[in-house]
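Me: Could you take a close look at one part of this model for me? I'd like to go through a single helix and then the loop that comes later in the chain.

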Amino acid sequence: MGKMMRIKKKDFDKIMKRDGYKIIFFYIDGCCPCKTIEPIMDDLTIAYDGEIDFYKYRLENILDFKEDPIIQKYRATPFPCTVFFKGDEEIHRIYGEESKAVFRKACENLIHG
């Protein structure tokens, strides 16, 4: 993969039905912690290529967060919110800005339980 794949609303359910490990990074443009985490996620996408699929979902407008069915279903606020899945089962989540080591440990826990 190399970089996180962007998910659009119309594709979200199809992605969630896939087996395997996946991480979804929920963000909004202009969010400083989101900008800090995105390169960490890109690095981890390379490190875990073939083991974990990395996706990002962008909320178009912060004022729409209560209207967005995906944000509401996955309780993906405050931003950034990173959710770790095995298939469609949530295993872990991280709110806000954390170090690369914290995200790497969460990836290891996702794979190795």
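Reply: Here's a walk through helix H2, followed by the stretch around H3 and the loop after it. Keep in mind that this is a predicted model.

H2 covers residues 32-47, so to speak your first stop, and has 16 residues. From its first C-alpha to its last it reaches 24 Å, close to the 22 Å expected at 1.5 Å a residue.

Now for the side of H2 that's tucked away. Its buried residues are Cys 34, Ile 37, Ile 40, Met 41, Asp 42, Leu 44 and Thr 45. In an α-helix there are 3.6 residues a turn, so residues three or four places apart point the same way. With that in mind, look at Cys 34, Ile 37, Ile 40 and Leu 44, which are among the buried ones. As for what covers them, the cover over H2's buried residues includes strands E2 (21-28), E3 (52-59) and E4 (81-86), along with helix H4 (100-112).

For contrast, hop over to Pro 69, which sits in helix H3 (residues 69-73). Pro 69 counts as exposed because its relative accessibility is 52%, and the cut-off for exposed is over 50%. Its C-alpha is 27 Å from that of Ile 40, and 29 residues separate the two along the chain.

Then comes the loop between H3 and E4, where you'll find Arg 75. Arg 75 has a phi near 45°, a positive value in a residue that isn't glycine. Pro 78 is in this loop too, and a cis peptide bond with omega of about 0° joins Thr 77 to it. Pro 80 also has its place there; the bond between Phe 79 and Pro 80 is cis, with omega about -10°.

Definitions and conventions
Residues numbered from 1 in each chain as written. Predicted model: local features only at pLDDT ≥ 70, side-chain atom pairs only at ≥ 80, totals over all residues. Heavy atoms only, no water. Helix = DSSP H or I, 4+ residues; strand = E, 2+ residues; numbered from the N terminus. Expected span 1.5 Å × (residues − 1). Buried < 20%, exposed > 50% of the residue type's maximum accessible area, 1.4 Å probe, protein only. Contact = heavy atoms within 4.5 Å.
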